[in-house]
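Please open the model in your viewer and keep the sequence panel beside it, so that residues can be selected by number as the tour moves from stop to stop.

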Amino acid sequence: MMNTGLGLAVTVDNTALQKLSRFAKVFPNNVDNCVRKATDFAYREIIRRTPVKTGDLRKSFIKKPLGKFSYGIVSELGRGRNYSIFVEKGTGYYSEHPHPIVPKNAKMLVFPILRGNKIVKWIRTKSTKGMHGKFMVHRSISPTVTRLTDLLRKEIRDMWGD
């Protein structure tokens with residue numbers, strides 16, 4: 001075999017190796033911090049998008065740590081009044097499984113019409129179409145993913161120094 005004098009040496013600069021080692025030690029904590037900040041952002045977005053009648057639904061959303069790098073936002077109205085899923089996804093014809101809303105054990109459905117906290121009149125009907133979903137959680141997903149991505153990119157840039 002003939003030696004042409006062409007070669008390649010692959011090395012890692014010692015300062016870059018130290019920088020990478022330091023990065024690996026603190027990065028998990030910084031990622032958890034970014035996830036927590038993104039969860040706070042998602043919580044504010046959900047609250048902002050949630051309709052207000054009595055304020056109970058907005059107050060029902062809480063943040064819960066689920067473990068390292070994981071946080072949750074849930075609605076807990078309590079006492080069997082958890083209607084947040086119906087506000088989110090809609091009811092009747094506007095739900096995932098379209099159907100009219102009809103009474104189960106009565107001849108008619110009865111709804112109060114409110115102005116403020118005062119009942120103005122009562123509506124009686126044999127069926128109703130339901131209500132459109134508000135999608136306050138669903139519409140908060142995309143901006144939250146964008147925020148988390150931006151936070152992580154900034155964290156990497158700040159830590160790496162480029």
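Begin by selecting R115, which in this predicted model stands opposite K118 in strand β4. Then extend the selection to the whole of β3, residues 109-115, and of β4, residues 118-125, and you will have two strands that run antiparallel and are joined by seven bridges. Further along the pair, pick V110 in the model, whose bridge partner in β4 is R124. The turn of this hairpin deserves a stop of its own: two residues lie between β3 and β4, and G116 takes a positive phi near 70 degrees.

Next, move to the other hairpin described here, by selecting β1, residues 61-67, together with β2, since these strands pair in the antiparallel sense over six bridges. Within this pair, K63 stands opposite I73 in β2. β1 and β2 also have two residues between them, and in their turn F69 has a positive phi of about 65 degrees.

Keep I73 selected, for this residue leads on to a pocket: I73 is one of the residues closest to the centre of the second largest pocket, along with A42, I46, V137 and I141, out of 19 residues in the lining. Two or more lining residues come from each of α1 (14-49), β2 (70-75), α3 and α4 (138-160). About 310 Å³ of space lies in the second largest pocket, and its lining divides by class into 13 nonpolar residues, five polar ones and one charged one.

Now select α1 and α4 as whole helices, and look at how they are placed against each other. Two packed helices are described by the angle between their axes and the distance between the axes. Here the axes of α1 and α4 come within 8 Å and cross at roughly 155 degrees; because angles over 145 degrees count as roughly antiparallel, that is how α1 and α4 are described relative to each other. The crossing of these two helices is right-handed. In the contact of α1 with α4, the residues divide into 18 nonpolar, three polar and eight charged.

For the last stop, which residues lie nearest the centre of the largest pocket? Select K53, L57, Y83, V87 and M131, which hold that place among the 16 residues of the lining. Colouring α2 (56-60) and α3 (84-89) is useful here, as each of these helices supplies at least two residues of the lining of the largest pocket. The volume of the largest pocket is about 470 Å³, and when its lining is coloured by class you should find eight nonpolar, four polar and four charged residues.

Notes: Residues are numbered from 1 along each chain as its sequence is written. This is a predicted model: local features need pLDDT of at least 70, side-chain atom pairs count only at pLDDT 80 or more; totals for chains, interfaces and linings use all residues. Side-chain values use heavy atoms; hydrogens and water are left out. On a 1 Å grid over the protein atoms alone, a cavity is a set of points where a 1.4 Å probe fits but cannot get out, and a pocket is an open set with protein on both sides within 12 Å along at least five of seven lines; lining residues have an atom within 4 Å of a point. Grid points are joined across faces, edges and corners, and a volume is the space filled by probe spheres set on the points. Helices (H or I, at least four residues) and strands (E, at least two) are DSSP runs, numbered from the N terminus. Ala, Val, Leu, Ile, Met, Phe, Trp, Tyr, Cys and Pro count as nonpolar, Asp, Glu, Lys and Arg as charged, and the others, Gly among them, as polar. Two strands pair if DSSP finds at least two bridges between them. Axes are lines fitted to C-alpha atoms, for helices over the stretch in contact, and angles run from 0 to 180 degrees between N-to-C directions. Angles under 35 degrees count as roughly parallel, over 145 as roughly antiparallel, 65 to 115 as roughly perpendicular and the rest as oblique. A crossing is left-handed if the near helix is turned anticlockwise from the far one by less than a right angle, and right-handed if clockwise.
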